[in-house]
Amino acid sequence: MTDQSERDVRDVRDVRVVVVGAGFSGLGAAIRLREAGFRDVLVLEKAEQLGGTWRDNTYPGCACDVPSTLYSYSFAPDAGWSRVFAGQEEIRAYLAATAERYGLAEVLRCGVVLHEARWDASAGRWRLETSDGSYSAAVLVMATGPWHVPRTLDVPGLDGFAGPVLHTARWDDGVDLAGKRVSVVGSGASAVQVVPAITGRAASVHVFQRTAQWVLPKPDLALSPAFHQVVNRLPGARRGLRASQYALQESFGYAFRHPGLARLLEAGARAHLRLSVPDPQLRRALTPGYRLGCKRLLTSSTYYPALSRPHVRLHATAVSAVRGNEVVGADGTVAETDVLITATGFRVGELSLAANVHGTEGRSLADVWGGEPQAYLGTTVGGFPNLFLLLGPNLLGGSTSAITVLEAQLAYLTAALRHLDPGGGRALEVRQGVQDAHNSAVQAALATTVYNTGGCTSYYLSSSGRNTFAWPWSTPRLTRSLNRFDPAAYVWQTPRAPLPAARTAPDDGIPTPAHPQRAGRPTR
């Protein structure tokens, strides 16, 4: 008769690589790993559909603030974006089409929640407990992203508000804003998009701004079919367009690393404010008191005009309380409200599921980090063998496309796994001294950037003032660093029996596009 322990072992499903999350990072990881010959890959997604942040954020006006040509996989360009900056629905459709194009349905498991991941040193594997049962994985890839856990409004009386309360990342399309008195709390990236989108429907809009933001104009032009026909016919035109947008983004990054140059960008932002807002009092309220780039740089050509409309009012104050149907500002402002929208962003410095991932000593990532995430090259963490973070600590910034960073990390991930298999290594763990030296260099370099010296409070910084988000050097330097996998940076453990090597046969059935060099517009 089989005892319980034997049944438990029998019921555990063994997988070579488990990827958690099915947004840009998770889907990209699955595609690149399978292309590299790692066939035994499984993607677990807690939601019922893929898409990540572009599935969750469906608020009116939601769009990307990086040009579409750059905010897409280099190996799967969309040849038919409708605008320079694609909207949420189009990006979500692009991800779905790319997943279908690369045959990810066979490795994607939606509706599966990861409850716990615990490193089993004796087996050299990750033990995963999920809503779909138990899994065992040689490699665990966390692809949950920094824009995942909403930052909620916490003020007295909010629970007693009679109307709907909508966070921009948890939008309810069933709430009708037509003719309603709407209050919006926040002035960041989602606020500058949602406010212009709702002013045409709402009877009144009150915007509560705790901190003024730097806003540059957004050249969000429609891209006609004729434009795409021309670009597709010219050899190298699409690659050149992507390269030019990359160079423009890098120019912003250079200014952020040399704060004196940020004043040139500030002059452009001030001119944009003057031309868009005729009311001098409103202009003063919208003028930031810190260096441009200290917070996430915003782009919009519609936000300032929306604030100038007669039924829209800006309150340059934080929200201190909610009383019945009244939203109360810290300066005593009161706004009668039917619908409350909280555009309060995300808990960017808190990796989703960090409290659920336990390493060699049984401690969770959350406990080890203590609110200040750090990793080696934003990817591996001492004490957590065979764990890889995508878009991890200190990899992004105010100008870089997250997809550019992601693809560099995916090259690092596949290189690490290639070293893991041929040598029969059961596990690799970054040396603590290597990780500490890297992070010391990162923090020293950040000390002179606008992220740290700009005079503001931002999600780049922890409560103690440590920058846990930004990469202090150029994107080319980041790419070069991730393109060089150094085995000497890691401690290697040898198993009792080597793990099976990746299958790399050319006829292993890896789905690939029929014409990857001229990827057309995916079916919507």
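These questions and answers go through the cavities, the aromatic pairs and the cysteines of a predicted model.

Me: How many cavities of 30 Å³ or more does a search of the whole structure find, and which residues are the closest to the centre of the largest cavity?
Reply: A search of the whole structure finds 5 cavities of 30 Å³ or more, and about 180 Å³ of space lies in the largest of them. The lining of this largest cavity is made up of 16 residues, which divide into 10 nonpolar, 5 polar and 1 charged. Those closest to its centre are Pro-146, Val-348, Leu-391, Gly-392 and Pro-393.

Me: Which helix gives the largest share of the lining of the second largest cavity?
Reply: The second largest cavity has a volume of about 70 Å³, and among the 13 residues that line it, the closest to its centre are Arg-257, Ser-399, Thr-400, Trp-471 and Trp-473. By kind, the lining of the second largest cavity divides into 4 nonpolar, 7 polar and 2 charged residues. The largest share of that lining, 3 residues, comes from residues 237-257, that is, from helix α7.

Me: Why do the rings of Trp-147 and Phe-469 count as an edge-to-face pair, and how many residues apart are the two in the chain?
Reply: The structure holds 21 aromatic pairs. In the pair of Trp-147 and Phe-469 the ring centres are 6.4 Å apart and the planes stand at 70°, so the pair is edge-to-face, because planes over 60 degrees apart count as such. Trp-147 is in the loop between β6 (133-142) and β7 (165-167), while Phe-469 is in the loop between α14 (450-453) and α15 (475-482), so the pair links distant parts of the chain. The separation is 322 residues.

Me: Is Phe-469 buried or exposed, and what is the distance between its ring centre and that of Tyr-459?
Reply: Phe-469 has 7% relative accessibility and therefore counts as buried, whereas Tyr-459, at 28%, counts as partly exposed. Both residues lie in the loop between α14 and α15, and the pair ties together parts that are 10 residues apart in sequence. Their planes stand at 75°, so this pair too is edge-to-face, and the distance between the ring centres is 5.3 Å.

Me: Which residue lies over the face of Trp-473?
Reply: In the model, Arg-13 lies over the face of Tyr-135, at 4.3 Å from the ring centre. For Trp-473, the residue over the face is at 3.9 Å from the ring centre, and it is Arg-477.

Me: Which two cysteines does the disulfide join?
Reply: A search of the whole structure finds 1 disulfide, with a distance of 2.0 Å from S to S and a left-handed link of -100° about the S-S bond. One partner is in the loop between α9 (280-285) and β11 (298-299) and the other in the loop between α14 and α15, 162 residues apart. Both partners are buried, with relative accessible areas of 1% and 15%. The disulfide joins Cys-294 to Cys-456.

Me: How far away from Cys-62 is the nearest cysteine sulfur?
Reply: Cys-62 counts as buried at 9% relative accessibility, and Cys-64 counts as buried at 4%. A disulfide needs sulfur atoms within 2.5 Å, and neither Cys-62 nor Cys-64 is in one. The nearest cysteine sulfur to Cys-62 is that of Cys-64, at 9.0 Å.

Definitions and conventions. Residues numbered from 1 in each chain as written. Predicted model: local features only at pLDDT ≥ 70, side-chain atom pairs only at ≥ 80, totals over all residues. Heavy atoms only, no water. 1 Å grid on protein atoms, 1.4 Å probe; cavity = no way out; pocket = protein on both sides within 12 Å on 5 of 7 lines; lining within 4 Å. Points joined across faces, edges and corners; volume = space filled by probe spheres on them. Nonpolar A, V, L, I, M, F, W, Y, C, P; charged D, E, K, R; others polar. Helix = DSSP H or I, 4+ residues; strand = E, 2+ residues; numbered from the N terminus. Phe/Tyr/Trp six-rings, centres within 6.5 Å; stacked < 30°, edge-to-face > 60°. Buried < 20%, exposed > 50% of the residue type's maximum accessible area, 1.4 Å probe, protein only. Lys NZ or Arg CZ within 6 Å of the ring centre and 35° of its normal.
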